[in-house]
Amino acid sequence: MKLKRNKLRNAIVVSLAVSATFVGAAYAQDDTQSTQATKSTADNTAQLESITVTGTRIKSQTMTSSSPVTEISAESFQQAGATTVEDLVNQYPQLDMNFDNFDNNPSLGYATVSLRNLGPGRTLTLVNGRRMPEGTGEYTDLSIIPAALIKRVDLLTGGASAVYGADAVAGVVNFILDDEFEGVNVNFGYAGYQHDNDNKTIQGFESSRGFITPNGNTGIDGASRTFDLVLGGKFGDNGHIVAYLDYRKNDALMQSQRDYSACAVAGSGSNSKRCAGSGTANPANFLVYDTNTYSGGEFVSNGNGSFKSGGNIYNYAPENFFQRPDQRYTAGFMAKYEVNEHFTPYAEAMFVDRKSTVQIAESGEFANTGFVLPCSTSYIGTLCSDAGVTSDNVLVYILKRNVEGGPRISETDTQTYRFTSGVKGEIAGSWTYDAYYLYGATHSSTVGHNDLLIDKLAAEITGCDSTSAYGTFSGCVPYDVWDNNVSSAAALAAAGTSFTKIDTQLNILSAYATGDLGFGLPWANGEQFGAVLGLDHMVTKYNTAHDQDSLEGNFTGAGSASLNVNASEGVYEYYGELALPLFVNEDGFFNRLDGSLGFRHSDYQLSGGADTWKAGLSAAFFDKKLLLRSGYNRAIRAPSLSDLYYPSTIALDGSTDYCAGTSPLATEAECEKTGVPASQYGKIPANPASQYYGLIGGNVDLKPEVADTYTFGVAYEPISGLNLAVDWYSIKIKSAISQIGFDAIQELCMDQDLYCDLIHRNTSNGRYDLWLGSASTAGVGYINDLAQNIGLSKREGIDLNASYGFNLGPGRFNASFVGTYVLKDYDQPLADVASTGYECKGRINALCNTTTVPKWRHVANFGYSFDRYSVNLRWRYIGPLSYEDAYTGEKLTTNVWLTPTGGIGSYSYLDLSANVNFGLATWTIGVNNIADRSPPFVGNSGDANNATSNSANGYDQVGRYIFTSVSLKF
């Protein structure tokens, strides 16, 4: 197909040549690539129609992009030793510091991306500009994307719903694959971690409790093995096909293998600055109450039928995976054939088979059942008299760890597919079209082992007595918790196996046409207005199926019932974009002024209609060396099918009951507002695991969230080869789908007399608690915390991009820099109640622990290449975090681990890699986190809660990372 050259295309080529360095960070390139990036040539023009800029479907309108784009090159993956796409992408400062392999409890089970700490549901993930299928959590699963075929990754800041539809609230992450690859590429990789366990302070805490104390050099552990095969070439006169096969296997790494993760930390109380653990222990703890006065306390068995006051603590940490093991196969192809300039059919297929395992500490009796027993019951011995019970009956809750049955294990097998088939070509003149059908699906099966069944365990604890209220069952074996004599046979008989099946489906029909409108402004130097018009129809489906015990909430360690969802959603959309060259002058001070407009109407089957739009303006000065750009986007996020249809259920939802414990955090008057009578103040038992019940679930009345996003940027090339860009962004989400929050409901009730009716304390057992008993049992305490369109979120910050390259000695030096300064990371669960708002920028606390948001993060690369050698030094920086209250900003001083500075200091990681070319072969070797820095130890305290194994989320979790690979290209 021959290109028709005109003034418009030539002008755009010149614009692209200069502005390509402005829209994002430039990375290490060879001499030829760098030269091509700074001049307009016939080759540039020949490639023009294949250039698609993320953020618009109007080709080659980079100068009018309303939002800045940061680019991650394919070379960056090799330099970082990234075996999956998320290993590198989530290290960039625009994205949350979250790494799937180190998520274990809880774990989504696959990797996602999240821009600006707004969650993966508000970040649209694309491959080659098209949507990805959803995983089991209704978020895009990145594991299907082949790292070996990455051409580049575009990070688009700001809303893009007018271009791509819902979910692009925080922005877009677009993975561009190399569909023009030719030849054969085979890559073998091996990587692993190494750490020196030398933290004498933490080791001392562990030794004092008799816990496992890892010490010394670990050697290589948590190893990863990879194999990648890519084949590509032409077929026929005008066809091209690329096929690939990837394999990766990760070894497990246990929390017991690092000194800072080998001990569990108490949530509160006198042990909060020491290794402690869970009150669900071995031997068991007994919470004993007089059924008349409900007075009593915590007791342990002496093993001879008698009991004493006190409590045991169990170190649950060593049994947990630190890095989850997984194994994945990824395969696919991309093919196209140009029949003529009007008709080019194409097809893409992507597939991943992933097996992942989660292992957490043993299950047990977590006070699931309140046993009301006559004091004359033989197997409870002298419990009543030892506990001072004067009535005829005693109420007992048991906290017993199932060490006899082993850790809880969940094995997940997932297959995800994505098929695209379409046609594209020229219509007439400058107009082209693209129409396709996309089908995506995920099928996931999870089998859970070693959890206990509530009804069977209750029968065993009460002696398998068919005449008792707790009954018996076939194969029942008495569970002699009363004398610390539980057998493995009893644990096995009470155990159950859980099954979960989740299926998601995505169907898209899409068609659009783009081209010039045939007219323009007289002062635009002949350039015409460009446009795109399109139609989309999308249907998503989400189905879950669980075993009967899960549906009934009969597993002791599950925390709640797992309920089925069977739902679908359809949306019809039409949209349009305009590219408006407003002023063009190739000479002089002021060179260009470009505008862009976009509009999309979406009609959702369940939640109704929604409109989104965008407007952008850019101006180029000084021979196009200075670029100013600004943009506004109205974006939406439609509620997920789980948001809408997940059945309401009582489940673990909160971490604090302000009125629990012998010394409650709230006053007697405040607790009375939450439903606590004065007679019970200071007598409500606190959950040793800091877990409390809430009523959560879907809401069919939810509407799409609405966001307004603004960007303004300046890009400048002061000297040849040096490119600088500064961009400000602001995102405000209104009608955000939000829960008020378990803690917030209590605070609003106590401070402002709001939402007190949402607090339902358990009066049936006389304790007025929010956790005792099974979630599936009537009468348990809980707080109503269903989702609504009531929230407000604000994000604001500044991105800085820079790149510089020049010849130096026998080779070439390249440097790049990507940094983000966060001005605001604010969430307000109740948009109409300002007191519910909190700020997480630069803070770490119980509310802000899930994703750490330092004020400043950056990634800098320094590379030098000569002859067949190259070396790259990378500097990753994470700014300091302060232990401050999320609401008030006051310094936190209680329950904080090892914090002489009142927070976490700045962290710098240095990574070094090198490669050498041997003709057909390239050998790469590298070390990330050269200094073997341990992650910041924050423990599991109420003020600075951990996200991963006693450390804040996102830091290098397990030490030094060593990697090597050999690549063969034919």
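On the surface of this predicted model, F862, V871, L873, W875, L910, L912 and I930 form a nonpolar patch of about 530 Å². Two elements, β39 (869-878) and β42 (907-918), each give two or more residues to the nonpolar patch, and β39 provides the largest share, three residues. Patches are built from residues with over 30% relative accessible area and no salt bridge, nonpolar side chains (Val, Leu, Ile, Met, Phe, Trp, Tyr) being joined within 5 Å and like charges within 9 Å; a salt bridge is a side-chain nitrogen of Lys or Arg within 4 Å of a carboxyl oxygen of Asp or Glu. W875 lies in strand β39 and is partly exposed, with a relative accessible area of 31%, where buried means under 20%, exposed over 50% and partly exposed in between, with a 1.4 Å probe and protein chains only. Strands (E, at least two residues) and helices (H or I, at least four) are DSSP runs numbered from the N terminus.

Residues are numbered from 1 along each chain as its sequence is written. Local features need pLDDT of at least 70 and side-chain atom pairs count only at pLDDT 80 or more, while totals for chains, interfaces and linings use all residues, and side-chain values use heavy atoms, with hydrogens and water left out.

Turning to the rings, a search of the whole structure finds 30 aromatic pairs, a pair being rings of Phe, Tyr or Trp (its six-membered ring) with centres within 6.5 Å, stacked if the planes are under 30 degrees apart, edge-to-face if over 60, and tilted otherwise. One of them joins Y247 and Y329, whose ring centres are 4.9 Å apart and whose planes stand at 45°, so this pair is tilted. Because Y247 belongs to strand β10 (residues 239-250) and Y329 to strand β16 (residues 326-337), the pair ties together parts that are 82 residues apart in sequence. Y247 is partly exposed at 22% relative accessible area, and Y329 is partly exposed at 38%. The rings of F806 and F813 also make a tilted pair, with centres 5.3 Å apart and planes at 45°. Ring pairs further link F102, Y193, Y260, F322, Y961 and F963 into a cluster.

Charged side chains also meet rings: R116 lies over the face of Y729, at 3.7 Å from the ring centre, and the charged end of K424 sits over the ring of Y346, 5.5 Å from its centre. The criterion is that NZ of Lys or CZ of Arg is within 6 Å of the ring centre and within 35 degrees of the ring normal.

Among the strands, an open sheet of four has the order β29-β30-β34-β33, with mixed pairing, and its edge strands, β29 (649-654) and β33 (759-760), each pair on one side only. Strands count as paired if DSSP finds at least two bridges between them; two bridges join β30 (residues 692-696) to β34 (residues 782-784), and these strands run parallel. L695 stands opposite N784 in β34.

The backbone has some less common features, given that most residues other than glycine have a negative phi and most peptide bonds are trans. E138, in the loop between β3 (130-131) and β4 (150-157), has a positive phi of about 65° although it is not a glycine, and E138 is buried at 8% relative accessible area. D167, in the loop between α6 (161-164) and β5 (171-177), has a positive phi of about 90° and counts as buried at 16%. The peptide bond from N282 to P283 is cis, with omega near 0°, and P283 lies in the loop between β11 (253-254) and β12 (285-290).

Definitions and conventions. Accessible areas come from the Shrake-Rupley method with a 1.4 Å probe; for residues, only the protein chains shown count as cover.
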